[in-house]
Amino acid sequence: MCVVSTHPPTGQQPPQQGTLPATALRGVGQRPFGIYVHVPFCATRCGYCDFNTYTADELAGGGSFRGWLDALKAELELGARVLGEGDRAVPRAETVFVGGGTPSLLGGEGLGEVLDAVRASFGLAPNAEVTTEANPESTSPELFTALLGAGYTRVSLGMQSAAEHVLRVLDRKHTPGRAVAAAGEAMAAGFEHVSLDLIYGTPGESTDDLRGSLEAVLEAGVDHVSAYSLIVEDGTAMARRVRRGELPMPDEDVLAADYELVDGILSKAGFDWYEVSNWATGEAARCAHNIGYWRGGDWWGAGPGAHSHVGGVRWWNLKYPSRYAAALGEGTSPAAGREVLDAEDRRVERVMLELRLREGLTTEVLDDAGVAEARRAVTDGLLRDDELRAGRCVLTDRGRLLADGVVRRLVG
Ligand SMILES: C[S@@+](CC[C@H](N)C(=O)[O-])C[C@H]1O[C@@H](n2cnc3c(N)ncnc32)[C@H](O)[C@@H]1O
Ligand code: SF4
């Protein structure tokens, strides 16, 4: 999934009309650069999901595919002008990630237009990784053939579970076998890189259900898996059901046991974890776009509510598709606010993101208290002793279960 939230952080500042400080622009093109495109449409809303996405009913005429696509093109052109200011070369996208929402609702033609808009504005680097998310409900062999022809190189499908009763609790509309079938169709069309998303810890999911889902993933023959513990997000239908006592909250001990099961089965089958929630069959199967986020690279996030980051400046767009399109229609930036990260913000962010990676984090990023904490975390079995001696903080298997707590310890 897109690993950058489309929720605005608190403490918003007024938007700056399409300019970036010189300090942020310095080094653009030398750091990894990606484009994220947010597609804010879904056929129905899953009860657990609080992403910035809208069904036709929720839009109630206040946004359309065409309006969104025209606005997206305008934003990508604005982005190329901002990053290519003066005689600066416009950075070409090394990675593109079309996420949502449900990009597959755009069909092959719509997604082809999206990629053409990236080509026409920023341009694509040779061998760029180009991913689209897809809901197995809205895919077909023809869609995958069209996507491959348009230049997409990777597909990420929301599977969540292979157990019918679990899919029902999650409000997923597809049948248990549909995601695996869609992955097979993508590979048959010629996609080398296909990923499946799983959610574990859904109320009512048994260990056997989860094992069955993992077996289905392995049968599918994909080269990448993302597995997320169910988060009951405030304001969702699922949170209301939990509050009314109709569903229990996911149990922390069950979630930990589930994670161990996921990791055990995937590792045995030849998948290596490369980020706490992501496994791949080899380096080439890792998601380069998400690695760019985790390593503090630059990216332009286009679309309603999308977040961007360039050289320590972070900004986020207007959330509602109609307001987003209106801003661009008036020739103004669709940004709703931005923050300039200071050195300490950037240091803390590096700890938060890089610690979750298999390669871990250099101890040079830690202050003295953090280094002392890292030594204590080794004693507690959360960080690897051999790696710390070599100057890196690398999570142990147990540390992965408690990654957020380890981050809190290292940054105080
Ligand atoms: C944009 S969706 C993927 C594409 C498509 N919309 C779909 O759902 O099939 C991104 C992924 O985020 C994950 N996700 C969303 N909300 C979640 C939550 N509350 N807890 C855990 N995972 C969540 C799901 O695994 C989902 O597949
Ligand atoms: S289809 Fe995907 S993006 Fe849409 S509501 Fe469901 S999980 Fe969220």
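What percentage of the 412 residues of the protein chain count as buried? In this predicted model, the buried residues make up 54% of the chain. The secondary structure of the protein chain comprises 17 helices and 14 strands. The radius of gyration is 21 Å, close to the 22 Å that the globule rule gives for 412 residues, and the chain is therefore as compact as a globular protein of that length. Taken along the principal axes, the box filled by the C-alpha atoms is roughly 55 × 50 × 45 Å. When contacts between residues at least 6 apart in sequence are considered, 71% of them join residues that are at least 24 apart.

Asp-223 occupies the loop between α8 (207-220) and β6 (224-229). This aspartate is buried yet forms no salt bridge, and the nearest side chain of opposite charge, that of Arg-154, lies 5.8 Å away. Since a salt bridge requires a side-chain nitrogen of Lys or Arg within 4 Å of a carboxyl oxygen of Asp or Glu, the 5.8 Å between Asp-223 and Arg-154 does not qualify. The side chain of Asp-223 does, however, reach the backbone nitrogen of Val-194 at 3.2 Å. Val-194 also appears among the residues that Asp-223 touches once those up to four places away in sequence are set aside, together with Glu-192, His-193, Phe-271, Trp-279, Ala-280, Thr-281 and Ala-285.

A second loop residue, Val-394, is placed between β14 (392-393) and α16 (397-401). Val-394 has a relative accessible area of 3% and is therefore buried, the limit for that class being under 20%. Apart from neighbours within four places in sequence, the contacts of Val-394 are with Arg-358, Glu-359, Gly-360, Leu-382, Leu-383, Arg-384 and Glu-387. Between Val-394 and Glu-373, the separation is 21 residues in sequence and 13 Å in space, taken from C-alpha to C-alpha.

Several features of the backbone geometry may be described in turn. The peptide bond that leads from Gly-100 to Gly-101 is cis, with omega near 15°, and Gly-101 is located in the loop between β2 (93-100) and α4 (107-121). Asn-127, a residue other than glycine, has a positive phi, near 60°. Asn-127 belongs to strand β3 (residues 124-134), and its relative accessibility of 80% means that it counts as exposed. A positive phi, of about 65°, is likewise found for Asp-171, although this residue is not a glycine. Asp-171 is situated in the loop between α6 (164-169) and α7 (178-189), and, because its relative accessibility is 26%, it counts as partly exposed.

With regard to the cysteines, Cys-42 counts as buried at 14% relative accessibility, and Cys-46 counts as buried at 12%. Both values fall in the buried class because that class covers relative accessible areas under 20%. As a disulfide requires a pair of cysteine sulfur atoms within 2.5 Å, the count of disulfides in the model comes to 0.

Note on methods. Residues are numbered from 1 along each chain as its sequence is written. Chains are lettered from A and ligands numbered from 1 in the order in which they are written. This is a predicted model: local features need pLDDT of at least 70, side-chain atom pairs count only at pLDDT 80 or more; totals for chains, interfaces and linings use all residues. Side-chain values use heavy atoms; hydrogens and water are left out. Buried means under 20% relative accessible area, exposed over 50%, partly exposed in between (1.4 Å probe, protein chains only). Helices (H or I, at least four residues) and strands (E, at least two) are DSSP runs, numbered from the N terminus. Lys and Arg count as positive and Asp and Glu as negative; His and the chain ends are not counted. A polar contact is a pair of N or O atoms within 3.5 Å; within protein, one must be able to donate a hydrogen and the other to accept it, and residues adjacent in sequence count only if both atoms are side-chain atoms. Contact means heavy atoms within 4.5 Å. The radius of gyration is taken over C-alpha atoms; the globule rule is 2.2 Å times the number of residues to the power 0.38.
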